[in-house]
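Visitor: I should like to learn how to read a protein structure, one feature at a time. May we begin with a single strand and work outwards?

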Amino acid sequence: MNQESNQTPRQADRWRVALIQCDIALGKPGENRAKLELAMERAAAAVEKPDVILLPELWNTGYALTKIREIADPEGREHREWLSAFARRHRIHVVGGSIAEIREGQVYNSMPVFNRTGEEVAAYSKIHLFRLMEEEKYLQPGERSVTFELDGLQAGAAICYDIRFPELARSLALRGAKLLFVAAEWPQPRLNHWRTLLAARAIENQMYVIACNRTGKSGGDEFFGHSLILDPWGEIVAEGGEGEEIVTGSIDLTLVDHVRRRIPVFADRRPQNYEW
């Protein structure tokens, strides 16, 4: 915790968070699901059982964009049913990273979210498409940002390139989000960007940022992992290495309110003076 926060909030309910940092087989949904299932079952069986599991971006297909229309999950049905059943069976919230799904003839990069009973409480489709990987040629952008509630706590969703757009995270915070879940396939050599942008989103919005990045190689791209859990001071709660692993950490659900009282950024905003 940041040394500025000498007077820590009272110890209260905490969440245990698990991030499934893994390699992704290009264009092989069945293989990827089998790998994730094993990792998720290991996470659920831990002595400290997680309250929420987060998966990486496009874990079902990877960036197999040239054949994405053929392998995307129709309406996301198969993967949604599986994630819902897992959440219900283990009584764990599941923030489903993102999957390639096809709806009305268009392919979306979408994050489904399930609560402990397996109910789908939100679905977010990536708004900002990454031109450096030609997403805009193969994917349809989402049209709206999304907040959702888990255990009475408001959270927001973002996918990879989205974190370069501070307006998105700020709009989620203004709608009450105290956590931001990020699924990513963030490649080398931009590790410094990854850490800096995530820390900035946490600090400026005084929220937890929970970000799961893939690892491994795909085509000419290499992915470095370093999944992160950051607290509202921007301090690292947990960080992964460069290989496959389950990154875990505990978050204090009262800390966001404590930080927002300590430095009242939202009360001191002056939007009437900002030019757009």
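Guide: Let us begin with strand 10, in what is a predicted model. Strand 10 is mostly covered, since 6 of its 6 residues are buried.

Visitor: Which residues point one way from strand 10, and which the other way?

Guide: The general idea is that side chains in a regular strand alternate between the two faces of the sheet. In strand 10, Leu179, Phe181 and Ala183 point one way, while Leu180, Val182 and Ala184 point the other way. All of these residues are buried.

Visitor: How many bridges join strand 10 to strand 11, and in which sense do the two run, parallel or antiparallel?

Guide: In general, the strands of a sheet pair through backbone hydrogen bonds, in either a parallel or an antiparallel manner. Here strand 10, residues 179-184, is joined to strand 11 by 6 bridges, and the two run parallel. Within this pair, Val182 stands opposite Ala211 of strand 11. Strand 10 also pairs with strand 9, again in the parallel sense, over 5 bridges. There, Leu179 of strand 10 is the bridge partner of Ala155.

Visitor: What is the order of the strands in the open sheet?

Guide: The open sheet has 6 strands in the order 8-9-10-11-14-15, and its pairing is mixed. Its edge strands are strand 8 (147-150) and strand 15 (236-239), each of which pairs on one side only. On average, neighbouring strands of this sheet are turned by 20° against each other, with direction ignored.

Visitor: Which strands of the sheet does helix 5 touch?

Guide: Helix 5 packs on the sheet and touches strand 8, strand 9 (153-159) and strand 10. The direction of helix 5 makes about 165° with that of strand 9.

Visitor: At what angle do helix 5 and helix 6 pack?

Guide: Two packed helices are described by the angle between their axes and by the distance between those axes. For helix 5 and helix 6, the angle is about 35° and the axes are 10 Å apart. Helix 5 passes helix 6 in a right-handed crossing. On the side of helix 5, the contact is made by Pro166, Ala169, Arg170 and Ala173; on the side of helix 6, by Arg201, Glu204 and Asn205. Sorted by class, this contact has 3 nonpolar, 1 polar and 3 charged residues.

Visitor: Against which elements do the buried residues of helix 7 pack?

Guide: Helix 7 spans residues 255-262, and its residues Leu255, Val256, His258, Val259 and Arg260 are buried. The buried residues of helix 7 pack against helix 5 (166-174), helix 6 (191-205), strand 11 (208-213) and strand 16 (245-252).

Visitor: I have also seen the backbone angles phi and omega mentioned. What is phi of Asp151?

Guide: As a general rule, most residues other than glycine have a negative phi, and most peptide bonds are trans. Phi of Asp151 is near 50°, a positive value in a residue other than glycine. Asp151 lies in the loop between strand 8 and strand 9. Cys160 also has a positive phi, of about 50°, although it is not a glycine. The loop between strand 9 and helix 5 holds Cys160. As for the peptide bonds, the one from Gln188 to Pro189 is cis, with omega near 5°. Pro189 is found in the loop between strand 10 and helix 6.

Visitor: Why is Asp151 called partly exposed, and why is Cys160 called buried?

Guide: A residue counts as buried under 20% relative accessible area, as exposed over 50%, and as partly exposed in between. Asp151 is partly exposed because its relative accessible area is 45%. Cys160 is buried because its relative accessible area is 6%.

Visitor: How far apart in space are Leu19 and Thr248?

Guide: Leu19 and Thr248 are 6.3 Å apart in space, C-alpha to C-alpha, though 229 residues apart in sequence. Leu19 lies in strand 1, residues 14-21, and counts as buried because its relative accessibility is 0%. Setting aside residues up to four places away in sequence, Leu19 touches residues including Leu54, Ile210, Ser227 and Val247.

Visitor: What does the UniProt record place at residues 15-253?

Guide: UniProt places the feature "domain: CN hydrolase" there, in an unreviewed entry. The end C-alpha atoms of residues 15-253 lie 7 Å apart, and the span is 26% helix and 34% strand.

Terms used:
Residues numbered from 1 in each chain as written. Predicted model: local features only at pLDDT ≥ 70, side-chain atom pairs only at ≥ 80, totals over all residues. Heavy atoms only, no water. UniProt positions renumbered as here; feature names shortened; annotations may be inferred. Helix = DSSP H or I, 4+ residues; strand = E, 2+ residues; numbered from the N terminus. Buried < 20%, exposed > 50% of the residue type's maximum accessible area, 1.4 Å probe, protein only. Contact = heavy atoms within 4.5 Å. Pairing = 2+ DSSP bridges. Axes fitted to C-alpha atoms, helices over the stretch in contact; angles between N-to-C directions. Left-handed = near helix turned anticlockwise from the far one by under 90°. Nonpolar A, V, L, I, M, F, W, Y, C, P; charged D, E, K, R; others polar.
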